[in-house]
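Trainee: I'm new to this one, so could we go through it together, a piece at a time?

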Amino acid sequence: MNNIFKPKFFTLLKSGIDKNQLRRDVLSGIVVGIVALPLAIAFAVASGVSPEKGLITAIVAGFLISFLGGSRVQIGGPTGAFVVVVYYIAEKYGINGLMISTILAGLFLVIFGLLKLGTLLKYFPHPLVVGFTSGIALVIFSTQIKDAFGLPIEKVPSEFYEKWMVYFSNFSSINWTAISITVITILITVFSKKITSKITGSFLSIIILTPIVQIFELNAATIETFFGSIPNSFSFSFPDFQFNDLQNYIGPAMTIALLGGIESLLSAVVSDGMISGKHRSNTELIAQGIANMVTPFFGGIPATGAIARTATNVKNGGRTPVSGMVHAVTLLLIMLFLGRWAKLIPMSCLAGILIVVAYNMSEWRSFVSILKGSYFDSLILLSTFFITVFFDLTLAIEVGVLLSAVLFMKRMADISEKRINEVVDDDLIENYSDLPKGVKIYEISGPLFFASARRYSEAIEEIGLTCKVLILRMRHVSFIDQTGLHNLKDTLRILRNRKITILLSGVNPEIKKEIKKHQLAGLIPEDLIFDNFSRATKKACEMVDCPGPLKNG
């Protein structure tokens, strides 16, 4: 257990935290707490539960994830990814069923971490992740139409198709005040960055529009209209659990665990690239599990690492888990002393915030990019997307994983058949002793796809950080999928930020076409991509001022 569970906070405490950094962490935590306020409330409301549950989740889970987690800068709390799942569970099994499912999901996450499955979860194919993320975004958008347009609908159906049929039949009763608030919220949220980066657009829209609605007594529904007052205290309760009902919660709990695990590790990977750090995957899973096991007893909902809030933390100078804990304390103080005012927030304002969140989640650029790629990746993407939208996320993940496995076997069979007539001397070891100081070689010896992408990326980054010029030999790379491209792009960005030059050698025409198509030219210019090794080494030699001609490798 000690070898697996190593929270970053305790490691940093042992080594010591600089006082100036501590000050920056506290300030960053306060900023992130303010950023998280409208999102925590909005995600709870969109999930079909009362607003304080979002705040409680951000406070309790947010503190535990930072205190026990394996990332320096991860910010935990409710996220858009869980909206669909929470809404479905709460509608079908009630709040009691949601509590049980969340606690079970936490237990699964702890088991994942103890079994050292942290690295395995990062191997989920990129098209699968984009497929269900885009699907969730569309579902979130569709759930906000009622409040965005102020439609007088008492009960909105949960099914996507039926939901839109109800919307269309009620568009004659549009509330133009609600639409105006929604549009203004979107405009403030999107364009406020051009005026100030200190206060987020979502928070700015709330503190501007809420007083206007109250002062002018505008015809707009508020949080109080649907949920009443927001409690400024915590309550502790146990779920009513019957062992015979356990089978009902296994599926939803596994969905929460898988989705939470993937989301938190993706967030940690992204933040690693921003701070040139290294998170501990299995520790992060255990921390996420503990947070999800504890939070429901206080009235919270599922939590995971939040990419947008984590990025905000990094941009504001946060570099230790202290910022995440301060973010939770900030939200606690807001809930205790200012929560009574939160009930006055217009529902259409929250709808506008969530519409922007849905747009940012949609990853439409990645979606289009994958569709332009291989047939296999497009099939995984579209299958996951449509099942998420029209059926449910659990089935989408199951089908996506199954398709990924089947298509992987198909690709491996095709490669084996292709290599039957090829003669490859596997025992040939090339001599790189003539390479000048500052130049290193790394060879990718097979397809760069979802199962190998993470391992290759980590090796490339580790070697690249020890040299000035790194030559990647790709003569044996038969294909590269979306996950490979995605991970390669992240690694190249990290190395470029450290002023390390990357050259590609032995790139076949198909791989070169994929690199161009997916806009890697900004990270590797075309004049640094070579079809043979000798040209690449000659170029590398020129870059480090090699004293004499370099022999062909």
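Mentor: Sure, and a definition comes first: helices here are DSSP runs of H or I with at least four residues, while strands are E runs of at least two, numbered from the N terminus. The expected span of a helix is 1.5 Å times one less than its number of residues. This is a predicted model, where local features need pLDDT of at least 70, side-chain atom pairs count only at pLDDT 80 or more, and totals for chains, interfaces and linings use all residues. Residues are numbered from 1 along each chain as its sequence is written, and side-chain values use heavy atoms, with hydrogens and water left out.

Trainee: How far apart are the end C-alpha atoms of helix 4?

Mentor: Helix 4 covers residues 83-114, which is 32 residues. A straight helix would reach 46 Å at 1.5 Å a residue. The ends of helix 4 fall short of that, with their C-alpha atoms only 27 Å apart.

Trainee: On which residue is the kink in helix 4 centred?

Mentor: The bend at a residue is the angle between axes fitted to the seven residues ending there and the seven starting there. In helix 4 the kink comes to about 125°, and its centre is Tyr 93.

Trainee: And which residue with a positive phi follows helix 4?

Mentor: Look in the loop between helix 4 and helix 5 (118-121). The residue there has a phi near 60°, a positive value, though it is not a glycine. With a relative accessible area of 52% it is exposed (over 50%; buried is under 20%, partly exposed in between, with a 1.4 Å probe and protein chains only). That residue is Lys 116.

Trainee: Is Glu 217 buried or exposed?

Mentor: Glu 217 sits in the loop between helix 10 (201-215) and helix 11. Its phi is positive too, about 50°, although Glu 217 is not a glycine. At 70% relative accessibility, Glu 217 counts as exposed.

Trainee: Which helix gives the most to the lining of the second largest pocket?

Mentor: On a 1 Å grid over the protein atoms alone, a pocket is an open set of points with protein on both sides within 12 Å along at least five of seven lines, a cavity is a set where a 1.4 Å probe fits but cannot get out, and lining residues have an atom within 4 Å of a point. This pocket holds about 520 Å³, a volume being the space filled by probe spheres set on the points, which are joined across faces, edges and corners. Its lining has 21 residues, with Val 45, Gly 48, Tyr 87, Lys 146 and Phe 227 nearest the centre. The top contributor, with three residues, is helix 4.

Trainee: Which helix gives the largest share of the lining of the second largest cavity?

Mentor: The whole structure has two cavities of 30 Å³ or more, and the second largest has about 30 Å³ of space. Its lining includes Ala 42, Val 45, Met 347 and Leu 350. Helix 2 (19-46) and helix 16 (347-361) are the elements that give two or more residues. The largest share, four residues, comes from helix 16.

Trainee: How far is the backbone nitrogen of His 126 from a polar atom of the side chain of Thr 483?

Mentor: Thr 483 belongs to helix 21 (residues 482-497). At 3% relative accessibility, Thr 483 is buried. From a polar atom of its side chain to the backbone nitrogen of His 126 is 2.4 Å.

Key. A polar contact is a pair of N or O atoms within 3.5 Å; within protein, one must be able to donate a hydrogen and the other to accept it, and residues adjacent in sequence count only if both atoms are side-chain atoms.
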